[in-house]
Amino acid sequence: MIYRLKHFHKTTETRDGDAKTLGCFSSMDKIEKAKKKYRNMRGFSEYPYGFCVFEQAVSGEKIKEQNFVYIAEVYIRDETFEFEREYCIGAFWDNNDAEKSLKEYICQNHETIDAGEIIVDCTVTKCKIDKMEWIYGFK
């Protein structure tokens, strides 16, 4: 099991709304420590209640002492970016399993993808466990 930390903030007069993935953590205790640090960083300090935690089972077999996971995600949008959605297909101990999950997604949804009305980007991201991302905040 891992815990993914994200941060969301709304659109204001000076800033576009956004969602940021801040990392994958091994425990809620480590999440709380990370949130405390983020709340003192530029950008995050302006939206101190924008943090969300997503508990995620990790599929496959863990290699002893492995300190990273592979996150398979799908980003769906229209041509003008008026419609955008991001979906996590899963977390995996092995990159090949993550890639396979995205191929299965594409196979199961090929009619929608092939129609061309939406754009679908599939990615696998290697995420080091307990490493904070966006450590300099944001503007």
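Visitor: How many of the eight residues of β1 are buried?
Guide: β1 is a strand (a DSSP run of E, at least two residues, numbered from the N terminus). Buried means under 20% relative accessible area (1.4 Å probe, protein chains only). This strand is mostly covered, and its buried count is seven.

Visitor: What kind of model is this, and where does the numbering start?
Guide: It's a predicted model, where local features need pLDDT of at least 70, side-chain atom pairs count only at pLDDT 80 or more, and totals for chains, interfaces and linings use all residues. Side-chain values use heavy atoms, leaving out hydrogens and water, and each chain's numbering starts from 1.

Visitor: Which residue of β2 stands opposite Tyr3?
Guide: β1 pairs (at least two DSSP bridges) with β2 in the antiparallel sense, over seven bridges. In that pairing, Tyr3 faces off against Phe25.

Visitor: And which residue of β3 stands opposite Ile2?
Guide: β1 also pairs with β3, again antiparallel, over six bridges. There, the residue opposite Ile2 is Gln56.

Visitor: Which strand gives the most to the lining of the largest pocket?
Guide: A pocket is an open set of 1 Å grid points with protein on both sides within 12 Å along at least five of seven lines, and lining residues have an atom within 4 Å of a point. β1, β2, β3, β5, β6 and β7 each supply at least two lining residues. With six residues, the top contributor is β2.

Visitor: Which of the lining residues lie nearest the centre of the largest pocket?
Guide: The lining has 23 residues to choose from. Nearest the centre you'll find Lys6, Ala19, Thr21, Glu73 and Glu86.

Conventions. On a 1 Å grid over the protein atoms alone, a cavity is a set of points where a 1.4 Å probe fits but cannot get out, and a pocket is an open set with protein on both sides within 12 Å along at least five of seven lines; lining residues have an atom within 4 Å of a point. Helices (H or I, at least four residues) and strands (E, at least two) are DSSP runs, numbered from the N terminus. Buried means under 20% relative accessible area, exposed over 50%, partly exposed in between (1.4 Å probe, protein chains only).
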